[in-house]
Amino acid sequence: MLKKIKDVTAEPQKRLFGLLPEEIKTLMGDLGQKSYRGVQLTQALYNQRIIGLEEITVFPAALREDLANAGYTVGLPEIVQAARSVDGTERYLMRMSDGETVETVWMPDGDGGERGDGSEASLEEEALDGLEGNISEFGQAAGKRDLRNVGALEQKGYRRATICISSQVGCAVNCQFCLTAKLGIKRNLTAGEIAGQVVAVLNRHGIKIGKDRINLVFMGMGEPFLNYDEFIRSVELLVRHIGIPESRMTVSTSGIEPAIRAFAQEPLRPKLALSLNASNDLVREQVMPITRKWNIAQLLDAVQTIPLGKREWVTFEYVLLGGVNDQPEHAREVLDLLKGMRAKVNLIVWNPGPGIAYTQPKPEDVAIFQKMLIDAGMPAYIRRPRGRDIYAACGQLKRTVDLPEAAALVEIAPAASRRG
Ligand code: SF4
């Protein structure tokens, strides 16, 4: 039986999760330890995905206690509430060590948002296009296979999963269709808190990196490009140390022009999705007031500085709002804007939220809009809405505690088998 070490709330500099290997090495050196102890601690944090110091069994007990007595903790965000949708999506309330909370969403089988962007996830999605509706058959087939060597997802009949993570507590951008905007901004998350949401969810589901296919979208609460340095550092942690390739990640921005230009220069770069949401500046200013700072032309110019890989497309997200931006003239304007670009459009049927005065678009308007884009040669996909009933869908993250009756609040499971 491992001795439980009291988990005191750590000062930010005392949280171990989020430190890079060279920082961990320095820390261990400062504690009078040899450098291999730094390697062991790095492995414990990012490969074993420990949640408490007592799990570092390669350390002598005295060293674990020294760390604890000096105030160090692992410092992973903690899932304090989980709601499960009828479609299997789960929305988590994650508590940081200072008590602030954000939301993170788990979508088994994803939402199809990657289709057509050239990523690994997109190629898988396209391969599955002919199999839509056969997910339960896949599950039954999985039940007949030898499951000893497959990941946790396949054992449950899923091919893959997408985790949607938050980058800030609240958001300052004030998109008029989004519930998160109602919270205002409280603070940035650190890189450890951003990557830590992923690890908390991986642990909950016993995910094995390398066996399970996990995609990440930085599309939860907050604008990642207004927390740029910590976002980029979280990508480094996730790619280099936790083992999720950047080709399985997409970051969505409302359009922070200087950050898009900086992003174009990054050596580790997830796919980019720009939240366009309007076909001209006039409509976009109403829907996304940030357009007054950087207009559509400036954003498209910045997006075109991104060096695209051979099979890479830039994604433009377009939330369809009934009667606002969903008419044929808007589709024509979108085509004009994106002419000549290696782009694809993700259409998102607006998800309603309390206190937001938009209406959902009519299904026939959505169909016409998509058809006009496709007929003109622009790939256009409709995102599968996930977790609407538990306020987990796009634009619905607001730390909602009151849930409709049908939505289940589910037990917080102890960490399952975590070895990656
Ligand atoms: S859509 Fe994104 S950027 Fe806009 S307010 Fe919501 S969280 Fe912020």
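**Exercise 1.** Find the partner with which Arg383 forms a salt bridge, and work out which parts of the chain the pair ties together.

*Solution.* Start with the distance: the closest N and O atoms of Arg383 and Glu317 are 2.8 Å apart, and the two form a salt bridge. Next, place them: Arg383 sits in the loop between strand E12 (380-382) and strand E13 (408-410), while Glu317 belongs to strand E10, so the pair ties together parts 66 residues apart in sequence. Finally, check the surroundings: Arg383 and Glu317 are both buried. Keep in mind that this is a predicted model.

**Exercise 2.** Take the salt bridge between Asp301 and Arg261 and decide whether its residues are buried or partly exposed.

*Solution.* The side chains meet at 3.1 Å, N to O. Asp301 is in helix H11 (residues 296-303) and Arg261 in helix H9 (residues 257-263), 40 residues apart. Now for the cut-offs: buried means under 20% relative accessible area and exposed over 50%. Asp301 has 44% relative accessibility, so it counts as partly exposed. Arg261, at 30%, counts as partly exposed too.

**Exercise 3.** Work out how the buried residues of helix H3 are arranged, and what covers them.

*Solution.* First, list them: Leu63, Arg64, Leu67 and Ala68 are buried in H3 (residues 61-69). Looking down the axis of H3, you'd see these buried residues fall within an arc of 140°, so they line one face of the helix. Here's the general rule: an α-helix has 3.6 residues a turn, so residues three or four places apart point the same way. Then turn to the face away from the buried side, which carries the exposed Ala62 and Asn69. Lastly, the cover over the buried residues of H3 includes helix H1 (21-30) and helix H2 (35-46).

Definitions and conventions. Residues are numbered from 1 along each chain as its sequence is written. This is a predicted model: local features need pLDDT of at least 70, side-chain atom pairs count only at pLDDT 80 or more; totals for chains, interfaces and linings use all residues. Side-chain values use heavy atoms; hydrogens and water are left out. Buried means under 20% relative accessible area, exposed over 50%, partly exposed in between (1.4 Å probe, protein chains only). Helices (H or I, at least four residues) and strands (E, at least two) are DSSP runs, numbered from the N terminus. The arc is that of the directions from the helix axis to the C-beta atoms. Contact means heavy atoms within 4.5 Å. A salt bridge is a side-chain nitrogen of Lys or Arg within 4 Å of a carboxyl oxygen of Asp or Glu.
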